[in-house]
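User: I am new to this structure and should like to be guided through it by questions. Please reason each answer from the coordinates.

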Amino acid sequence: MKQLPSILLLVLWTYTGFDKMIRWEASRKSFHNQTFPAELAEVLAYTIPIVELLIALLLLFSVTRWWGYLSSILLLTIFTTYVGLIWVGAFPRVPCNCAGVLESLGWAEHFVLNLICIGIAIWGFRIERLEN
């Protein structure tokens with residue numbers, strides 16, 4: 001039971017990171033369709049999939065799992081804030097650079113899913129803190 005949060009987040013980050021790499025051109029174009037400058041989009045197109053896979057790697061090992069949970073909370077909070085801003089209409093267009101099955105979600109569902117994932121990361125973080 002104590003491994004469940006790390007397994008769930010490991011699946012999430014591995015799936016999203018590899019999906020962006022496998023569908024590289026589509027992913028890169030999606031980043032460039034976002035509402036931020038092209039230079040930032042280019043940097044994010046490279047860094048986001050790498051960061052997602054690095055977080056998955058952190059979650060694999062007990063010695064780095066605390067950092068994996070903390071990184072998950074941070075990145076998911078950033079993603080959730082961005083999704084929330086899109087959902088309330090803060091941007092002129094509604095871009096998405098989500099992985100595979102997540103593309104089919106509406107903004108409300110995506111927001112809720114992200115909140116659930118943040119909850120899972122906090123759950124795992126608390127388990128790690130209690131053990132150390």
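The questions below concern helices first and single residues afterwards.

User: Is the structure a predicted or an experimental model, and how far apart are the end C-alpha atoms of helix H4?

Analyst: This is a predicted model. Helix H4 covers residues 65-87, which is 23 residues, and at 1.5 Å a residue the helix should span 33 Å. The computed separation agrees with that expectation: the end C-alpha atoms of H4 are apart by 32 Å.

User: Against which helices do the buried residues of H4 pack?

Analyst: The buried residues of H4 include Arg65, Gly68, Tyr69, Ser72 and Ile73 in its earlier part, and Thr80, Val83, Gly84 and Ile86 further along. Leu75 and Leu76 are buried as well. The partners against which these residues pack are helix H1 (4-22), helix H3 (38-60) and helix H5 (107-131).

User: Which residue with a positive phi follows H4?

Analyst: After H4 comes a residue whose phi is near 85 degrees, a positive value. That residue is Gly89.

User: Within what arc do the buried residues of helix H2 fall?

Analyst: Helix H2 comprises residues 24-32, and its buried residues are Ser27, Ser30 and Phe31. Viewed down the axis of H2, these residues line one face of the helix, because their arc is limited to 100 degrees. Among the elements covering them are H1 and H3. The arc within which the buried residues of H2 fall is therefore 100 degrees.

User: How are H1 and H2 oriented to each other: roughly parallel or roughly perpendicular?

Analyst: Two packed helices are described by the angle between their axes and the distance between the axes. The axes of H1 and H2 come within 5 Å and cross at roughly 100 degrees. An angle of 65 to 115 degrees counts as roughly perpendicular, so H1 and H2 are roughly perpendicular.

User: How many nonpolar residues does the contact of H1 with H2 have?

Analyst: H1 contributes Lys20, Met21 and Ile22 to the contact, while H2 contributes Trp24, Ser27 and Phe31. By class, one residue is charged and one is polar. The number of nonpolar residues is four.

User: Is Ser6 buried or exposed?

Analyst: Ser6 is found in helix H1. Leaving aside neighbours within four places in sequence, Ser6 is in contact with Leu59, Arg65 and Tyr69. Its C-alpha atom is separated by 8.4 Å from that of Ile120, 114 residues apart along the chain. Buried means under 20% relative accessible area, and Ser6 has 4%, so Ser6 is buried.

User: Which residues does Leu60 touch, not counting residues up to four places away in sequence?

Analyst: Leu60 lies in helix H3 and is partly exposed, with a relative accessible area of 44%. The C-alpha atoms of Leu60 and Val11 are separated by 11 Å, though the two residues are 49 residues apart along the chain. The residues that Leu60 touches on this count are Leu10 and Arg65.

User: How far apart in space are Gln34 and Leu115, C-alpha to C-alpha?

Analyst: Gln34 is placed in the loop between H2 and H3. Gln34 is buried, with a relative accessible area of 4%. Gln34 and Leu115 are 81 residues apart in sequence, and their C-alpha distance is 22 Å.

User: What is the relative accessibility of Gln3?

Analyst: Gln3 lies in the segment before H1. The C-alpha atoms of Gln3 and Ile127 are separated by 9.2 Å, with their positions 124 residues apart along the chain. Gln3 counts as partly exposed, its relative accessibility being 35%.

Technical notes. Residues are numbered from 1 along each chain as its sequence is written. This is a predicted model: local features need pLDDT of at least 70, side-chain atom pairs count only at pLDDT 80 or more; totals for chains, interfaces and linings use all residues. Side-chain values use heavy atoms; hydrogens and water are left out. Helices (H or I, at least four residues) and strands (E, at least two) are DSSP runs, numbered from the N terminus. The expected span of a helix is 1.5 Å times one less than its number of residues. Buried means under 20% relative accessible area, exposed over 50%, partly exposed in between (1.4 Å probe, protein chains only). Contact means heavy atoms within 4.5 Å. The arc is that of the directions from the helix axis to the C-beta atoms. Axes are lines fitted to C-alpha atoms, for helices over the stretch in contact, and angles run from 0 to 180 degrees between N-to-C directions. Angles under 35 degrees count as roughly parallel, over 145 as roughly antiparallel, 65 to 115 as roughly perpendicular and the rest as oblique. Ala, Val, Leu, Ile, Met, Phe, Trp, Tyr, Cys and Pro count as nonpolar, Asp, Glu, Lys and Arg as charged, and the others, Gly among them, as polar.
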